Amino acid sequence: MESEERALPEQEMPAAEAESPLPAAAAPAECGEGQAPAEGWGEQAPAAQEMPGTPLAQFALEQQLARGRRLLDEQLRIIESVDPAVKSLADLRTQPEFSHFDKLVKSGMTISDAYKLACFDRLGRQQAAAARQAAINDVRAKEHLAPVGGGQAAEDGLTDEIIRNYRQYNPRWTRAQIAAFHRSYKQGV
């Protein structure tokens, strides 16, 4: 049974060495039963992280960079939801409030919060203008529902087209005469 237990670690050892980011010299010496690993081996791992050229340090650096990119992308998505014109850091630099934004970020604020604070006035004006334009567009979209004859009806209910039609047959009639005749005509119908 003891020989089987010793055989398993030896079979797993080559796979562990292949996956290990540490150089082969940093691997522990094989020890027999009752022997402790070489002194100082357990202490080499933190030293390897501090050494910039080691694969472990490079891996840690890559992980930090990937995390930073994810955070930056998330912050840029938040900013883009507030201001669709901003899609990258280069777009942020072109904003008129960049110096104020930069100071806020350097003071410790998140990028999205600093952008919202620095650009609050401009973004508020843009939203108000967009709301005003949306209201204008809604009114214009309903112009096709105007009364037949086009244009706005006056207090007496006559449109320009109705007046033109009456004057075509009675050119001397005044607007008051046309309105009186039109009222009597509508009551009789």
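In this predicted model, the side chains of R122 and Q95 are joined by a polar contact of 2.7 Å. R122 belongs to helix α7, which covers residues 120-141. Its relative accessible area is 14%, under the 20% limit, so R122 is buried. Not counting residues up to four places away in sequence, R122 touches D83, Q95, P96, E97 and Y115.

**Salt bridges**

Two of the residues that R122 touches, D83 and E97, also pair with R122 through charge. Side chains of opposite charge can pair when their charged atoms come close. R122 and E97 form a salt bridge with an N to O distance of 2.9 Å. This pair links distant parts of the chain, with R122 in helix α7 and E97 in the loop between α4 and α5, 25 residues apart. R122 and E97 are both buried. Through salt bridges that share partners, D83, E97 and R122 belong to one network.

In the salt bridge between R122 and D83, the closest N and O atoms are 3.6 Å apart. Here too the pair links distant parts of the chain: R122 is in helix α7 and D83 is in the loop between α3 and α4 (89-93), 39 residues apart. D83 has a relative accessible area of 4% and is therefore buried, the limit being 20%.

How many salt bridges does a search of the whole structure find? The search finds four, and the table gives three of them, including the pair E80 and K87.

| Salt bridge | N to O distance |
|---|---|
| R122 and E97 | 2.9 Å |
| E80 and K87 | 3.1 Å |
| R122 and D83 | 3.6 Å |

Are the partners in the E80 and K87 bridge buried, partly exposed or exposed? E80 has a relative accessibility of 31%, which lies between the limits of 20% and 50%, so E80 counts as partly exposed. K87 has 52%, over the 50% limit, and therefore counts as exposed.

**Helix α3**

Helix α3 runs over residues 55-82 and has 28 residues. At 1.5 Å a residue, a helix of this length should span 40 Å, and the 41 Å between its end C-alpha atoms agrees with that figure. The buried residues in α3 include L56, A57, Q75, L76 and I79.

L72 is also in helix α3. Its relative accessibility of 24% is over the 20% limit for burial and under 50%, so L72 counts as partly exposed. Apart from residues up to four places away in sequence, L72 touches L89 and I111. The C-alpha atoms of L72 and T110 are separated by 9.7 Å, although the two residues are 38 residues apart along the chain.

**Aromatic pairs**

The structure contains five aromatic pairs. In one of them, the ring centres of F98 and F101 are 5.9 Å apart and the ring planes are at 45 degrees, so the pair is tilted. Both residues lie in helix α5 (residues 98-106), three residues apart, which is about one turn of the helix. An α-helix has 3.6 residues a turn, so residues three or four places apart point the same way.

The two rings are in unlike surroundings by accessibility: F98, at 25%, counts as partly exposed, whereas F101, at 7%, counts as buried. F98 and F101 form one aromatic cluster together with Y115.

**Nonpolar cores**

Which residues make up the largest nonpolar core? This core has 11 residues: L76, I79, V86, L92, F101, L104, A114, Y115, A118, C119 and L123. Two or more residues of this core come from each of α3, α5 and α6 (111-118). The largest share, three residues, is given by α6.

L92 is one of the core residues. Leaving aside neighbours within four places in sequence, L92 is in contact with L76, I79, V86, F98, F101, I111 and Y115. Another core, of five residues, lies apart from the largest one; among its members are L158, I163, Y166 and I178.

Several residues recur in these descriptions. Y115 is touched by R122, belongs to the aromatic cluster with F98 and F101, and is part of the largest nonpolar core. F101 is in that cluster and in that core. L76 and I79 are buried in α3 and are members of the core.

Conventions: Residues numbered from 1 in each chain as written. Predicted model: local features only at pLDDT ≥ 70, side-chain atom pairs only at ≥ 80, totals over all residues. Heavy atoms only, no water. Helix = DSSP H or I, 4+ residues; strand = E, 2+ residues; numbered from the N terminus. Expected span 1.5 Å × (residues − 1). Buried < 20%, exposed > 50% of the residue type's maximum accessible area, 1.4 Å probe, protein only. Polar contact = N/O pair within 3.5 Å; in protein donor to acceptor, adjacent residues only side chain to side chain. Contact = heavy atoms within 4.5 Å. Phe/Tyr/Trp six-rings, centres within 6.5 Å; stacked < 30°, edge-to-face > 60°. Salt bridge = Lys/Arg side-chain N within 4 Å of Asp/Glu carboxyl O. Core = buried A, V, L, I, M, F, W, Y, C linked by side-chain atoms within 4.5 Å.
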